[in-house]
Amino acid sequence: MTRTILTIENVSRTFPGVRGGAPVRALEPTSLEVAQNDFITILGPSGCGKSTLLRIVAGLDRPSGGRVLLDGREIKGPGADRGMVFQSYTLFPWLTIAENIAYGLREKGIPKSERRDIVASYTDKVGLRGFEHHYPKQLSGGMQQRTAIARALANDPAILLLDEPFGALDNQTRALMQELLLGIWERERKTVLFVTHDIEEAIFLASRVIVMTARPGRIKADIPVELPHPRHYTMKTSPEFSQLKAQLTEEIRAEALQADGAH
Amino acid sequence: MHRPLEPVSYSTRIVLGISFFVLFFAAWSIATLGGYVSRTFLADPITMLHDGWMLLTRFGFLSDIGITVWRVVGGFVIAAAVAVPLGVLMGAYKPIEAFLEPFVSFARYLPASAFIPLLILWAGIGEMQKLLVIFIGSVFQIILMVAVAVGNTRRDLVEAAYTLGSSDRGIVNRVLIPANAPDIAEILRLVLGWAWTYVIVAELIGSSAGIGHMIIDSQALMATGQMIFGIIVIGIIGLISDFLFKACNRKLFPWKLA
Ligand SMILES: Nc1ncnc2c1ncn2[C@@H]1O[C@H](COP(=O)(O)OP(=O)(O)O)[C@@H](O)[C@H]1O
Ligand SMILES: [Mg+2]
């Protein structure tokens with residue numbers, strides 16, 4: 001067992017009710033340990049608190065109870081040590097692709113020449129060479145999300161957080177993006193926490209799948225994925241994959257039914 | 001027939017735009033030259049152009065135009081220099097907004113023209129008074145509109161910047177300001193248009209030079225041709241400044257169009 005880099009300790013979140021309504025309990029006390037170099041996917045029906053949990057880890061939201069430790073230090077707010085890729089396209093529209101990727105480096109005060117080299121290397125890794133001087137609007141959704149991944153990675157965070165980053169993409173593009181992200185991970189072994197509601201995506205990418213219950217969310221199952229690396233998309237039709245998929249489909253189905261019944 | 005929202009070609013747009021001016025002048029010519037409206041009240045287009053030419057060549061109207069433009073630009077630049085930073089701060093920091101917003105919202109409805117008599121008392125009828133009228137008329141509008149624009153900055157962009165290591169200062173300087181720069185430029189363009197109204201009113205009431213002063217002088221002489229020429233000159237200058245502003249914005253913010 002490798003070193004634990006991220007510890008989520010009894011983290012819960014209750015949103016105050018709007019206009020006198022009842023408070024919304026989004027997340028039950030949740031605990032999770034993330035080992036260095038792990039690729040963890042968090043799988044759950046929508047509305048179960050996945051984004052809430054990830055935003056708390058990012059420091060963009062505060063837990064109502066519990067705490068999150070990164071390398072033993074408690075998280076108090078957002079910081080460059082936790083890179084984040086959002087589901088919505090969050091590239092800065094006034095910056096070119098290269099300037100977007102360089103954003104965090106500039107905030108850190110890294111000199112221009114060094115910045116240029118890092119940007120060039122990540123532009124290559126996400127296959128965007130030739131688009132450095134384009135503006136985000138001129139790029140497809142898939143290309144924008146690749147830029148967002150490069151922007152987060154260029155900052156060299158201790159952990160990469162992704163909140164359904166491919167959720168708005170069409171199926172073909174999504175499959176390519178999964179392979180691209182996995183390829184980068186297989187080479188660099190950056191610790192990743194990846195939120196999704198797509199079962200195949202959760203299995204294909206992960207070394208560990210965390211299944212969450214319907215709202216209020218809590219961890220229901222923690223399933224290791226032993227499939228070998230490097231993974232190829234053909235793996236999605238292998239018997240081992242199908243078996244995992246069947247297992248997870250059952251878990252999620254029960255939750256989706258419950259979530260549906262609750263409304 | 002044209003469908004709703006269907007675009008027109010560039011040349012059609014130009015032709016249609018010009019034809020309205022032609023129609024307008026034609027209607028004016030028929031009304032005046034055809035004798036339907038008394039010359040005392042409305043000069044015909046030809047008299048107007050003739051009077052205008054006389055104004056420009058004989059009566060030094062160009063320097064009046066120069067003075068008015070100088071006043072508008074001066075007052076407006078001072079207002080913008082004060083209001084844009086304040087608006088950004090108000091939009092970014094909610095306590096500052098809570099502190100200033102009620103007063104600014106109130107002050108915004110104080111008509112600048114109603115201040116003119118008071119300002120004459122305080123500052124005489126010199127340049128200071130003109131600048132103050134424009135300043136009062138513009139500054140609160142700009143503050144409030146800039147604050148609203150900045151306050152509506154996409155939250156996810158701000159959050160993304162935080163996760164990339166931006167400090168609070170970094171958020172203001174490298175997210176809030178660039179994200180809203182085109183909107184701020186658009187606000188300035190709009191308010192500059194209003195500033196023109198204030199300066200003319202100020203010149204009508206108490207002034208010894210400027211376009212407004214020429215118009216009020218011409219009234220005493222019943223020179224409707226000159227008055228109309230003055231008004232048209234204001235319109236043309238407005239059109240030019242609008243055009244320049246738009247051209248600048250296109251140059252400065254290519255990402256908006258990309
Ligand atoms: N800022 C908020 N205020 C109130 N309720 C919220 C807020 N954010 C999320 N919620 C509620 O918390 C629950 C979990 O949301 P979220 O974490 O976004 O779910 P997921 O990402 O799994 O779809 C949802 O029911 C949502 O309505
Ligand atoms: Mg979500």
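1. Let's start with chain B. Of its 258 residues, 42% are buried. Keep in mind as you read that this whole model is predicted.

2. What is chain B built from? You'll find eleven helices and zero strands there, so to speak a plain run of α-α-α-α-α-α-α-α-α-α-α when you read along the sequence. The C-alpha trace of chain B spans about 70 × 60 × 30 Å along its principal axes. Have a look at the contacts too: among those in chain B with a separation of 6 or more, 71% are between residues 24 or more positions apart.

3. Now pick out one residue of chain B, B:Ala112. Where does B:Ala112 sit? Its place is the loop between helix 4 (94-108) and helix 5 (116-123) of chain B. Is B:Ala112 buried or exposed? B:Ala112 has a relative accessibility of 4%, and because the cut-off for buried is under 20%, it counts as buried. Leaving aside residues up to four places away in sequence, B:Ala112 touches B:Val133, B:Gly137 and B:Tyr198. You can also find B:Ile78, which is 34 residues apart from B:Ala112 along the chain; their C-alpha atoms are separated by 16 Å.

4. Over to chain A, for a pair of helices. Two packed helices are described by the angle between their axes and the distance between the axes. For helix 4 (residues 141-154) and helix 5 (residues 171-188) of chain A, the axes come within 11 Å and cross at roughly 20 degrees. Angles under 35 degrees count as roughly parallel, and therefore helix 4 and helix 5 of chain A are roughly parallel to each other. The crossing of these two helices of chain A is right-handed.

5. Which residues make that contact? From helix 4 of chain A come A:Gly142, A:Gln145, A:Arg146, A:Ile149 and A:Leu153. Helix 5 of chain A brings A:Thr173, A:Met177, A:Leu180, A:Leu181 and A:Ile184. Sorted by class, the contact has six nonpolar, three polar and one charged residues.

6. A couple of backbone spots in chain A deserve a look, beginning with A:Asp71. Its phi is near 55 degrees, a positive value in a residue other than glycine. A:Asp71 lies in the loop between strand 4 (65-70) and strand 5 (73-74) of chain A. With 36% relative accessibility, A:Asp71 counts as partly exposed.

7. Next comes A:Asp156, where phi is near 50 degrees, again a positive value in a residue other than glycine. You'll find A:Asp156 in the loop between helix 4 and strand 7 (159-163) of chain A. Is A:Asp156 buried or exposed? A:Asp156 is exposed, because its relative accessible area is 56% and the cut-off for exposed is over 50%.

8. There's also a cis peptide bond to check in chain A. It joins A:His229 and A:Pro230, with omega about -10 degrees. A:Pro230 is in the loop between strand 10 (219-224) and helix 7 (239-262) of chain A.

9. Last, the cysteines. How many disulfides turn up in a search of the whole structure? The search finds zero over all chains. As for individual cysteines, A:Cys48 is buried, with a relative accessible area of 0%, whereas B:Cys248 is partly exposed at 45%.

Key: Residues are numbered from 1 along each chain as its sequence is written. Chains are lettered from A and ligands numbered from 1 in the order in which they are written. This is a predicted model: local features need pLDDT of at least 70, side-chain atom pairs count only at pLDDT 80 or more; totals for chains, interfaces and linings use all residues. Side-chain values use heavy atoms; hydrogens and water are left out. A disulfide is a pair of cysteine sulfur atoms within 2.5 Å. Buried means under 20% relative accessible area, exposed over 50%, partly exposed in between (1.4 Å probe, protein chains only). Helices (H or I, at least four residues) and strands (E, at least two) are DSSP runs, numbered from the N terminus. Contact means heavy atoms within 4.5 Å. Axes are lines fitted to C-alpha atoms, for helices over the stretch in contact, and angles run from 0 to 180 degrees between N-to-C directions. Angles under 35 degrees count as roughly parallel, over 145 as roughly antiparallel, 65 to 115 as roughly perpendicular and the rest as oblique. A crossing is left-handed if the near helix is turned anticlockwise from the far one by less than a right angle, and right-handed if clockwise. Ala, Val, Leu, Ile, Met, Phe, Trp, Tyr, Cys and Pro count as nonpolar, Asp, Glu, Lys and Arg as charged, and the others, Gly among them, as polar.
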